[in-house]
Amino acid sequence: MVIRGVVPQVATATADQRVRYIRALDKIPNIPPEDRAILEKVTEKFVFRANDYYLGLIDWDDPNDPIKQLIIPRKEELNEWGNLDASNEQSVTVAHGVQHKYPDTVLLLCNEVCGAYCRYCFRKRLFMDENDEVTNDVSTGLAYIRENPQISNVLLTGGDPLLMSTRRLTEIIAALREIPHVKIIRLGSKMPAFDPWRVLRDEELQKTFRTYSTKEKRIYLMAHFDHPRELTKPAIDGIACCLKNGLICVNQCPLIKGINDDPDVLAEMYEELSNIGCPPYYLFQGRPTAGNEPYETPLVRGWEIFNETIRRGSGLACRARFVMSHETGKVEVLAIDDNYIFLRYHRAKHAHLRGKLMVFKRDDSAYWLDQLEPADGFEYTPFSEGEYCNIAAD
Ligand code: SF4
């Protein structure tokens, strides 16, 4: 089954196309005025941003169009549900814009803007006026990384690091490359989906990739495609450009109701991603984030979709893991049978949890780890006294 469809605007795109950003719903004539009035209330709380290229991927004749679901607000976002920091990222924030959860890995939140705003974003709090978790000044973060020799992985995130100026991004990458123990630099970015020309037209950025993604120490692009229709010719060219200039590319995305909660959709995307050299890495169970109720799928249903997806694909297309990014670590969903849910800590904040297998009672209405009840004979006490490790000494 081919899900992607044809998008006329993309067929005429030029190599150096510039997207036009759109921040107001009244600039989108396809949204009827009566709907707009309701949705503007949503955007007062959760900001809206898109661009003409990405909006051009929408089939407006389809009321359930997945790209529309991804980018156009819905009134259900105002439902009371979840909280703004569902994974308690504040608890691993060690300095302004610096998150340190696993011993070897640090996140630098270095930009608070994205190419567009995904309605289901788990970090939507960063885009709110009162939030101050992101900083463009990464000097504190760089000092922290220098002082902690166990840090070998640095993820530039936010927001989207590829929305920073090339000069600024190059300065940060160059500074990281001067720290001998930093081996892998990761760029978490949805720009190949939102604006492929960010990479395609910028030769300075391509030069940065070639210079600092070396044979010994690679830069990884953690791409974020959610639906096969995002894999347009310019998007595929954008990934090819990253690969040609020395990046390693992988894809991670959440499972999102109405967008990719369908094995047909995910299997097609996984196959295509592996074909173009950007194979799937993680599929995330959606975090119970405020505003995200309309986009979330119960855990058991999510597992069924994922399991059916990986049964269909080639080996490379099926390397993804289905995980919850819980505040205690990355919890992989291994299997679910009629009675039980089998989980394992793929990554864990605390040493005693790493690799730990857990068995919970099956609950088809649960969305998140905290809602599950341990199976008889199993205990789950991730926050017991004395169990927080000293990250630096771990
Ligand atoms: S690109 Fe990532 S950080 Fe930006 S809005 Fe989408 S999910 Fe959130």
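In this predicted model, the protein chain splits into two domains: domain 1 covers 8-78 and domain 2 covers 89-393. Their C-alpha centres sit 25 Å apart. The two domains do touch, with 26 residues of domain 1 in contact with 24 residues of domain 2. On the domain 1 side, the elements that chip in two or more residues are β2 (50-51), α3 (52-55) and α4. The biggest giver here is α4, with 5 residues. Sorted by class, this side of domain 1 comes out as 16 nonpolar, 4 polar and 6 charged residues.

Next comes the ligand. Around the ligand are C114, Y117, C118, C121, R123, D160, K190 and H224. Sorted by class, that shell holds 4 nonpolar, 1 polar and 3 charged residues.

The backbone has a couple of oddities too. As a rule, most residues other than glycine have a negative phi, and most peptide bonds are trans. N88 goes against the first habit: its phi is positive, near 50°, even though N88 is not a glycine. N88 belongs to the loop that links α4 (66-71) with β3 (93-95). N88 counts as exposed because just 12 other C-beta atoms lie within 10 Å, and the cut-off for exposed is 12 or fewer.

The second habit is broken between G158 and G159, where the peptide bond is cis and omega is near 15°. Of this pair, G159 falls in the loop between β6 (153-158) and α6 (166-177).

Key: Residues numbered from 1 in each chain as written. Predicted model: local features only at pLDDT ≥ 70, side-chain atom pairs only at ≥ 80, totals over all residues. Helix = DSSP H or I, 4+ residues; strand = E, 2+ residues; numbered from the N terminus. Buried ≥ 20, exposed ≤ 12 C-beta atoms within 10 Å, placed from the backbone. Near = placed C-beta within 6 Å. Nonpolar A, V, L, I, M, F, W, Y, C, P; charged D, E, K, R; others polar. Domains from an automatic or database assignment. Contact = placed C-beta atoms within 7 Å.
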